[in-house]
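I'm opening my notebook on this one and jotting down what I look up as I go. Sequence and structure first, then my entries.

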Amino acid sequence: MLFFVIMKTITLKKNLKNVYANLGLFLLGVLLVLLSLVCPSSWAEETKRLAILPLSIHAPERMDYLREGIEDMLSSRLTWEEKVLVLNRSQVQKGLEKISGPIDETLAVQTGKKLGAQAVLWGSINIIGSNISLDLSVLDIAQKQPVKKFFGQAKGMDEVILRVNEISAQINEKVFGRPRPTGASPAPVDIPQPKGPEPPQATTAPGKTPLSLKGFIINPLSPQIIMNAGGFGLTGVWRSAVLPFALVDLAFGDLEGDGKIETVLISKNSIYICRFIQDQFQIIKEIPGDRWDNYVAVDVGDIHQTGRPQIFVTNYRSDGLKSKILSWDRDEYRTIAQNIPYHLRIHRLPGRGIVLLGQQKMIDNAFGPGISILSWKDGQYIPVEKLKLPDEFTVFNFTFLDSKKSSPEYLFLSSDNRLLVLNDKGKAEYSSGDSFGGSLNLVIGKEVDTYSGTIMDDVKSRIYIPARLLVTSVFSPGTKEIIINKNKGSYANILSRYRSYSSGEILSLSWDGASLKENWRTQTISDYIANYGVADFKNNGQQQLVVGVVQSSGLPLISNARSVLYCYDLGVVKPGQK
């Protein structure tokens, strides 16, 4: 009997132990659940906040646009969904409001903690000649890791994006543990080599279709377009056959009133009426001029209000300005006015539509003072309104910015190829640190020193007429973009007797009221970009960027110069059809 009592007691103790053990496990589970509810971030990987502090820039001239551009590229490339969040520029600026002096490790840590960031990036951009070096430091404050250093050097502006891509990939991998995509190269490339392969002749790539987005159709961009936003499919780019002359300027319009867009090209002394028909570019009419003619600009617009646009050709001859106007009349292109003593250019005035602006030549000066609106009356053009514009303006080197401000703003390309935004008082609101434009379209005047009365040297008497400045809607309807060329050549161009350019590109910029931001650019184009335009060149209901390129390393006026047209499909947004 005693034996059974002892065994029962032992069994009861074991059961109690099991009960206590199970109760402990239950309580532990409850505690873990409660902790996970109260502190979920302790069990899930926390998103790191990265602060990119303003990079210091050491350059012979102000280049804030380059610093901001590199910071923006770093921000987009280091952002990692649910892993790394890059603080925006305004947040960082607020954190630096009461901090002064150069940014070192101590200041970077102090700023990062103030912003609530777990990692911080700072560094410098150094420009010596054409070399651009990037020295960046990144510190993971949360992990208390030592500072990691990253360095890259670009030989010219063309390599900057490439170097930023390489450094970003290294930071992602070594600081944030972000693996490279499968099959990715060690140095990802966003831009082509300066002289890429010839673009394909096809107008669309096989298998490419428009992208549908919330009731809109977004037509893909050409692969020759580099777009900051990215994310869209790419199609082909068209190139014309070689044209046996040096192109000077081009313009577009429905000249014959049949709903089809014609392209007007000018060389030194000839006018060419062309049309894109069934994937072929055809010259349908050549209108030769006098051997002494020197055409420097062409525009197309219905200034006469006839329902069909006219062709306006500026003819700058040694014996004076003898510009001419042509129009489609009775199944023929006829000269309806000639020997017009004005430089001619069509501009769009905010709130007033298109007008014809004229500027006269004064004695030996290529451009006289004053720019006027011209009107056709009694068989001639007469000035009807003189515009109040800065003295440096010619009809070719500025355009009106269609901004939302009450007073007008102007986009101006200076003689040293700086792009400026001026207010209505002529004061610069913005000046580019980089050079834009670049032209071989030359007229000769005699610049006179206002103090001594003597004629300046031959180089200063050479006035280069820039390619057109376009303000238009290209990719996003209702959003104005500035389209401008950027030819690349010798740094001695401005001082030399003759200029030369070996390559170039077209850029789209936007004015935000404080600075010019880049939207997109073409790949580098071999040879000299003479002029360009945006129109329904292909007559397919869509907009294209058309670029005229002269295939000659020397002056475009030499006898053996040849030209080609490049046509880039632009991403045009329009309502989708149901």
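Which residue in S23 does Leu374 stand opposite? I looked it up, and the partner is Pro383. One thing to keep in mind for every entry here: I'm working with a predicted model.

**Entry 1: the strands around that pair**

I wanted to see how S23 is held next to its neighbour. Strand S22 covers residues 371–377, and 7 bridges join S22 to S23. The two strands run antiparallel. A reminder to myself from class: strands of a sheet pair through backbone hydrogen bonds, and they can do that either parallel or antiparallel.

Next I zoomed out to the whole sheet. I found an open sheet of 4 strands, in the order S20-S21-S22-S23, and the pairing is antiparallel. Which strands sit at the edges? They are S20 (343–349) and S23 (380–387), and each of them pairs on one side only. I also checked the twist: ignoring direction, neighbouring strands of this sheet are turned by 45° against each other on average.

**Entry 2: two helices that meet**

I switched to helices and picked H2 (residues 64–78) and H5 (residues 160–174). Their axes come within 10 Å and cross at roughly 40°. That angle is why I'm writing down H2 as oblique to H5. The crossing of H2 and H5 is right-handed.

Who makes the contact? From H2, I listed Leu66, Ile70, Met73, Leu74, Arg77 and Leu78. From H5, I listed Val160, Ile161, Val164, Asn165, Ser168, Ile171 and Asn172. Sorting the residues of this H2 and H5 contact by type gave me 9 nonpolar, 3 polar and 1 charged.

**Entry 3: a loop residue**

Then I went looking at Arg330. This residue lies in the loop between strand S18 (323–328) and strand S19 (333–340). Is Arg330 buried or exposed? Its relative accessible area is 60%, so I noted Arg330 as exposed.

I also looked up how Arg330 relates to Glu256. In sequence the two are 74 residues apart, while in space their C-alpha atoms are 9.9 Å apart.

**Entry 4: the whole chain**

Last, I took stock of the full chain. How many helices and strands does the secondary structure come to? I got 5 helices and 38 strands. Of the 578 residues in the chain, 47% are buried. I also checked contacts with a separation of 6 or more: residues 24 or more positions apart account for 51% of them.

Methods:
Residues are numbered from 1 along each chain as its sequence is written. This is a predicted model: local features need pLDDT of at least 70, side-chain atom pairs count only at pLDDT 80 or more; totals for chains, interfaces and linings use all residues. Side-chain values use heavy atoms; hydrogens and water are left out. Axes are lines fitted to C-alpha atoms, for helices over the stretch in contact, and angles run from 0 to 180 degrees between N-to-C directions. Angles under 35 degrees count as roughly parallel, over 145 as roughly antiparallel, 65 to 115 as roughly perpendicular and the rest as oblique. A crossing is left-handed if the near helix is turned anticlockwise from the far one by less than a right angle, and right-handed if clockwise. Contact means heavy atoms within 4.5 Å. Ala, Val, Leu, Ile, Met, Phe, Trp, Tyr, Cys and Pro count as nonpolar, Asp, Glu, Lys and Arg as charged, and the others, Gly among them, as polar. Two strands pair if DSSP finds at least two bridges between them. Buried means under 20% relative accessible area, exposed over 50%, partly exposed in between (1.4 Å probe, protein chains only).
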